[in-house]
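Dear colleague,

Please find the structure handed over below. My notes on two pockets and one strand follow it.

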Amino acid sequence: MPSTLDESTDPYCLRPGEAVDLLHGHPWRRFVALGDSVVEGMCEPTPGYPDVQWVDRVAAELTAVRPELAYRNLGRRGLRAHQVRATQLAPALAFAPDLALVVCGGNDAFHPAYDAEAVDAELTAMITALRDVGAEVITVGMFDVSHSPAVPEHLRPGLGERMRRLSAHTANLAESLNTIHVHLTDHPLTADPTLYSTDGRHGSARSDAIATAETLRTLSHRLPSPG
């Protein structure tokens, strides 16, 4: 990556003022996030990009438009999908959100015994419960971490297949359950090594900046056109 590339020059990131334009007049007042380390925030610093993790930054941009927004991040690293539901769904519902983000299943997919249908069932239970209390739900197909240079070559094919299966299943759930779906798996940079951290499991600050841009652009599609 050229040393001159930073968020202000990165063509895949937000332009100055774009977030406010995208979210102008948004209705959300209570935003909750459920999930694993992707939600908690484990991004690795990258020169030229904010050291603010993806979900916190989405919340900050929502708050910039609606300062009274209440935000709670329940994400915890290392959890599988059933653990996210068991430990986070009840407090999320008690928060009475009108916007919720649910991202999990990556830790399940890291294992060769990944059970896609079991993860689907956990995601369905969380999405349905959140929608039943009136929340719009954001789901995400994450970048394919099998492209990380830190992933051993012999593990990449299997991991990539499982990560893409998780993404495809989540996209199908999003369509059937009418969520706001952010699809990053087929992003033009998904195989770019600068998007991944040196631990082989998480993203870089650049990936979080790009994910923020894609999330806000997707959210804007649920909003009325200004004027």
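**Pockets and a central topic: strand β3**

The second largest pocket is lined by Phe110, Ala150, Val151, Pro152, His154, Leu155, Gly158, Leu159, Arg162, Asp199 and Gly200. A pocket is an open set of points on a 1 Å grid over the protein atoms alone, where a 1.4 Å probe fits, with protein on both sides within 12 Å along at least five of seven lines; lining residues have an atom within 4 Å of a point. This lining divides into 6 nonpolar, 3 polar and 2 charged residues, with Ala, Val, Leu, Ile, Met, Phe, Trp, Tyr, Cys and Pro counted as nonpolar, Asp, Glu, Lys and Arg as charged, and the others, Gly among them, as polar.

The model is predicted: local features need pLDDT of at least 70 and side-chain atom pairs pLDDT 80 or more, while totals for chains, interfaces and linings use all residues. Residues are numbered from 1 along each chain as its sequence is written, and side-chain values use heavy atoms, without hydrogens and water.

The largest pocket has 38 lining residues, and Asp36, Val38, Met142, Phe143 and Arg201 lie nearest its centre. Its lining has 18 nonpolar, 15 polar and 5 charged residues.

Strand β3 (a DSSP run of E, at least two residues) spans residues 99-103, and 5 of its 5 residues are buried, that is, under 20% relative accessible area with a 1.4 Å probe, protein chains only. Leu99, Leu101 and Val103 point one way from β3, and Ala100 and Val102 the other way.

Yours sincerely

Conventions. Buried means under 20% relative accessible area, exposed over 50%, partly exposed in between (1.4 Å probe, protein chains only). Helices (H or I, at least four residues) and strands (E, at least two) are DSSP runs, numbered from the N terminus.
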